[in-house]
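Reader: Could you pick one part of this model and go through it closely for me? I'd like the surroundings too, so I can see how that part sits in the whole.

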Amino acid sequence: MKAFASKLVDLTQKNAEKIAWQWAKDVKTNLKTNSYHDAPEEKIINQASEFYKNFQEMFFHEAPFQLAEDVFTKYAHERYAEGVPLHETVYAMILMRRHIWLYAEFQTIFSAEVEHRKAVESLSRTILMFDYIIYIISREYWKLIKMELSKKEGKH
Amino acid sequence: MQAYAAKLINLIESKAENIAKQWAADVMKHNRTPSYHSLSKDLVVEQGVNFYRLFRQMSLAEVPYEEAKSFSWKYAEEFYQQKIPLHEALYALILMRRHLWLYAEFQGTFVTALEKQQAVESLNRTILMFDYVSYQVTEKYQQLTMEGVNKKLGIVKTFLMGKLIGGMKNTYKLAFMAVLLIAAGILTYYNHTAGKVVVFTHLFYIPIILAAVWWGKKGMLVPILLAIILIASHSLFLKDAPFTDDVIRAVMFIIMGGVVGWLMDSVKKLEELYEPFKL
């Protein structure tokens with residue numbers, strides 16, 4: 001597992017700041033992520049660069065779902081508290097994933113024909129990570145909405 | 001569209017039912033999609049087939065984002081009606097994509113180096129489609145949830161007479177109530193001094209209900225005041241007549257004001273509860 005994907009993971013980790021900056025530029029103008037348009041650039045760059053820096057750990061972790069759960073439960077709580085709607089949070093994550101790949105393509109790391117097999121495997125693994133993340137974020141939002149309702153019901 | 005994806009698209013279209021069956025078997029026992037476990041298999045398979053068949057349309061469309069909406073919105077509506085939580089519906093979509101790819105791999109669709117290159121491109125295209133669908137399903141599902149809340153709030157607002165007299169400023173409400181109370185006093189005085197037997201006290205329920213709607217239990221002051229007016233007037237001007245009827249009326253004012261006020265307080269709490277989820 002480690003051999004085939006290390007190229008993509010290394011690239012992501014080394015260039016975390018650059019990829020995060022490109023993602024932030026995108027998310028701040030994308031029509032599907034309105035809530036990010038007025039957010040301070042530095043803050044959202046930090047969100048992404050933290051993620052990209054931890055990408056390696058998640059990528060090679062034996063139980064990536066558990067690790068994603070630890071990291072993204074907090075992430076979901078923060079976005080929920082900021083009032084970002086779920087569909088925008090999900091789309092921002094989709095863009096986060098897309099920018100890893102865009103950067104890798106831009107750098108043409110999988111240019112040789114023989115490397116396309118590695119590309120498919122890296123891509124599949126990356127997608128799996130993000131599938132977990134999106135599931136965890138949407139589940140947490142659901143829990144938070146339910147919690148907010150029952151808290152209010154309790155008060156009354 | 002691009003020739004590279006044709007192989008995958010053809011495979012998906014011709015084997016839609018097979019892939020959908022595999023997906024259904026997975027989603028109906030997966031621990032992240034428990035709400036699907038009790039659904040009918042035919043229904044789940046049909047959903048898979050519908051999507052896999054739509055895949056060609058979506059892939060060939062000039063604006064795939066718009067094309068994806070026809071599936072996404074229907075999918076979100078169905079799951080919203082079946083009360084399946086959004087994260088489970090999203091995970092089912094993820095499995096839908098995964099099964100598509102698993103089937104292609106299992107069929108050995110992309111073997112040679114050139115085909116591997118095509119695989120990367122096909123995979124990218126597939127992911128793009130699913131990204132659109134995930135976003136649209138999430139957006140639509142939330143929209144449906146909020147519409148549901150707004151609909152419920154609409155009923156609440158009707159109770160609160162939100163758009164009519166409930167929307168008045170408190171000063172106007174107080175002034176209007178003062179006018180009604182003065183009118184009630186004049187009406188009582190006129191009828192009691194004239195010795196008329198008209199059941200005018202039914203009109204008192206207008207200020208009583210209005211006070212309860214506007215101020216909830218605090219509005220109890222109005223039926224108490226009206227009860228005092230009625231009993232005081234009776235003792236001043238109808239000394240010889242029995243008290244029983246007017247005492248019953250006065251008690252009924254207070255009971256009615258109390259019950260409606262208590263109900264309206266509950267309705268207001270319900271409105272506050274759903275306030276953050278309004279559109």
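Author: One term first: a helix here is a DSSP run of H or I, at least four residues long, a strand is a run of E, at least two long, and the numbering starts at the N terminus. Keep in mind that this is a predicted model.

With that, chain A is quick to read: it has six helices and zero strands, so to speak α-α-α-α-α-α from the N terminus on. Of its 156 residues, 40% are buried. Take the contacts in chain A between residues at least 6 apart in sequence, and 82% of them join residues at least 24 apart.

The part I'd zoom in on is helix α3 of chain A, residues 41-60. Start with its length. It has 20 residues, and at 1.5 Å a residue they should span 28 Å. The expected span takes 1.5 Å times one less than the number of residues. In the model the end C-alpha atoms of α3(A) are 30 Å apart, which agrees. Now run your eye along the axis: there's a kink of about 45° in α3(A), and A:Asn54 is at its centre.

Next, which residues of α3(A) are buried? They are A:Ile44, A:Ile45, A:Gln47, A:Ala48, A:Phe51, A:Tyr52, A:Phe55, A:Met58 and A:Phe59. When you look at a list like that, remember that an α-helix has 3.6 residues a turn, so residues three or four places apart point the same way.

Let's stop at one of them, A:Ala48 in α3 of chain A. Why does A:Ala48 count as buried? The cut-off is 20 or more other C-beta atoms within 10 Å, and A:Ala48 has 22 C-beta neighbours inside that distance. Leaving out residues up to four places away in sequence, A:Ala48 touches A:Ala20, A:Trp23, A:Ala24 and A:Met96. There's also A:Ile19, 29 residues away along the chain, with its C-alpha atom 8.2 Å from that of A:Ala48.

For a contrast in burial, hop over to helix α4 of chain A, residues 64-81, where you'll find A:Asp70. A:Asp70 is exposed, because just 10 other C-beta atoms lie within 10 Å of its own. A:Asp70 still has a distant stretch of sequence to point at: A:Ile136 is 66 residues apart from A:Asp70 in sequence and 9.6 Å apart in space, C-alpha to C-alpha.

Now for chain B, which has ten helices and zero strands. Buried residues account for 33% of its 279 residues, and of the contacts between residues at least 6 apart in sequence, 79% join residues at least 24 apart. Its own α3 covers residues 41-60, and here too 20 residues should span 28 Å at 1.5 Å a residue, in agreement with end C-alpha atoms 30 Å apart. The kink in α3(B) is about 30° and is centred on B:Leu54. B:Leu54 is also among the buried residues of α3(B), along with others including B:Gln47, B:Gly48, B:Phe51 and B:Tyr52.

A bit further on, in the loop between α4 (64-81) and α5 (86-106) of chain B, sits B:Lys83. Its backbone is worth a glance: B:Lys83 isn't a glycine, yet has a positive phi of about 60°. For background, most residues other than glycine have a negative phi. B:Lys83 counts as exposed, because it has 7 C-beta neighbours inside 10 Å.

Last stop is a helix pair in chain B. The axes of α8 (residues 205-215) and α9 (residues 221-237) come within 8 Å and cross at roughly 155°. That makes α8(B) roughly antiparallel to α9(B), since angles over 145 degrees count that way. From α8(B) the contact uses B:Pro207, B:Ile208 and B:Ala211, and from α9(B) it uses B:Val222, B:Pro223 and B:Leu226. By class, that's six nonpolar residues, no polar and no charged ones.

B:Met256, in helix α10 (residues 244-274) of chain B, joins in there. Not counting residues up to four places away in sequence, B:Met256 touches B:Tyr205, B:Ile208 and B:Pro223. B:Pro223 is 33 residues from B:Met256 along the chain, with their C-alpha atoms separated by 8.3 Å. As for burial, B:Met256 is partly exposed, because 16 other C-beta atoms lie within 10 Å.

Terms used:
Residues are numbered from 1 along each chain as its sequence is written. Chains are lettered from A and ligands numbered from 1 in the order in which they are written. This is a predicted model: local features need pLDDT of at least 70, side-chain atom pairs count only at pLDDT 80 or more; totals for chains, interfaces and linings use all residues. Axes are lines fitted to C-alpha atoms, for helices over the stretch in contact, and angles run from 0 to 180 degrees between N-to-C directions. Angles under 35 degrees count as roughly parallel, over 145 as roughly antiparallel, 65 to 115 as roughly perpendicular and the rest as oblique. Two residues are in contact if their C-beta atoms, placed from the backbone, lie within 7 Å. Ala, Val, Leu, Ile, Met, Phe, Trp, Tyr, Cys and Pro count as nonpolar, Asp, Glu, Lys and Arg as charged, and the others, Gly among them, as polar. The bend at a residue is the angle between axes fitted to the seven residues ending there and the seven starting there. A residue is buried if 20 or more other C-beta atoms lie within 10 Å of its own, exposed if 12 or fewer, and partly exposed in between; C-beta atoms are placed from the backbone.
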